[in-house]
Amino acid sequence: MRFFEIRRTIAASPEKIWAILTDPARIGQGFGLQKIEGQIALGARIKIWSEAAPGRAFALRVTGLSAPRRMVWQGGMPLGLFTGTRVYSLVPLTNGQTEFTMREDYTGLMAPMIFPKLPDLNPSFRTFADALQKAAEA
C-alpha cells in the first residue's frame, strides 16, 4: 500500500476543527486546495482542485462521516483498479488539544504503476495542516 500522511497536534477541540474541515468554502482556498464543489455530507459527491495538480479536478465521494472524529473521501478508477482514500481523523487529547491526522492511501491493481506518477503530496499535506492549525487556533 502506498500513502501520504501528516499528523499535527492542534490547540483546539475536535468540534472546532470539525467545523472547519466540513466547510468547503473555508478549506477550498489556502489549504493547498484551489476549490471544492459540492457539499460535505455522507454519500455526497464532491470535486476538488488541488494546488498539487493545477487545473485537474478530482471527483470524490464522501464515504465516511462520524462527527467530530472521522471523515473519509474516496475516488478512483472503475472496478477498483485504482482507488485513493483520504481519511481525516481527530483524536481529543488533554488540555483541549486534538491530534489531527490526514492520510491518503492508494490501492488497486494499477496502484503500483500510477503511484510513482503522482505528484509529491507531502508539501500539500503540510500546507493543509498548517492552515487548519492556524484557523483552529485563531
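A polar contact is a pair of N or O atoms within 3.5 Å; within protein, one of the two must be able to donate a hydrogen and the other to accept it, and residues adjacent in sequence count only if both atoms are side-chain atoms. With that in hand, let us look at this structure, a predicted model in which local features need pLDDT of at least 70, side-chain atom pairs count only at pLDDT 80 or more, and totals for chains, interfaces and linings use all residues. Residues are numbered from 1 along each chain as its sequence is written, and side-chain values use heavy atoms, with hydrogens and water left out.

## Glutamate 104 and its partners

Start with glutamate 104, which lies in strand S7. Strands (E, at least two residues) and helices (H or I, at least four) are DSSP runs, numbered from the N terminus. Is glutamate 104 buried or exposed? Its relative accessibility is 12%, so it counts as buried; the cut-offs are under 20% relative accessible area for buried and over 50% for exposed, with partly exposed in between (1.4 Å probe, protein chains only).

The side chain of glutamate 104 has a polar contact of 2.4 Å with the side chain of tyrosine 106, and another of 2.6 Å with the side chain of arginine 86. Contact in general means heavy atoms within 4.5 Å. Setting aside neighbours within four places in sequence, glutamate 104 is in contact with Arg2, Phe3, Phe4, Thr85, Arg86, Leu121 and Phe125. Glutamate 104 is also 98 residues from isoleucine 6 in sequence, while their C-alpha atoms are 9.4 Å apart in space.

Next along the strand comes aspartate 105, also placed in S7. Aspartate 105 is buried too, with a relative accessible area of 13%, and its side chain is joined to that of arginine 103 by a polar contact of 3.0 Å.

## The largest pocket

Rolling a probe the size of a water molecule over the atoms shows where empty space is left. On a 1 Å grid over the protein atoms alone, a pocket is an open set of points where a 1.4 Å probe fits, with protein on both sides within 12 Å along at least five of seven lines; lining residues have an atom within 4 Å of a point. Grid points are joined across faces, edges and corners, and a volume is the space filled by probe spheres set on the points.

The largest pocket holds about 550 Å³ of space. It is lined by 24 residues, and those closest to its centre are Arg56, Phe58, Phe82, Glu104 and Tyr106. So glutamate 104, buried at 12%, turns up again here, among the residues closest to the centre.

What kinds of residue make up the lining? There are 15 nonpolar, six polar and three charged residues. Here Ala, Val, Leu, Ile, Met, Phe, Trp, Tyr, Cys and Pro count as nonpolar, Asp, Glu, Lys and Arg as charged, and the others, Gly among them, as polar. At least two lining residues come from each of S3 (45–50), S4 (57–66), S5 (70–76), S6 (83–92) and S7 (98–107). The most come from S5, which gives four.

## Isoleucine 48 and helix H4

Isoleucine 48 sits in strand S3 and is buried, at 6% relative accessibility. Beyond residues up to four places away in sequence, isoleucine 48 touches Leu33, Lys35, Ile36, Arg56, Ala57, Phe58, Leu60 and Trp73.

How far apart are the end C-alpha atoms of helix H4 (residues 122–137)? They are 22 Å apart, which agrees with the 22 Å expected for 16 residues at 1.5 Å a residue; the expected span is 1.5 Å times one less than the number of residues. Buried residues of H4 include Ser124, Phe125, Phe128 and Leu132. Serine 124 has a relative accessible area of 13% and touches Phe31, Gly32, Ser50 and Ala52, not counting residues up to four places away in sequence.

## Loops with special angles

Most residues other than glycine have a negative phi, and most peptide bonds are trans. Two residues here have a positive phi:

| Residue | Loop | Phi | Relative accessible area |
|---|---|---|---|
| Leucine 79 | between S5 and S6 | near 65° | 84%, exposed |
| Asparagine 95 | between S6 and S7 | near 60° | 76%, exposed |

The peptide bond from alanine 67 to proline 68 is cis, with omega near -15°, and proline 68 lies in the loop between S4 and S5.
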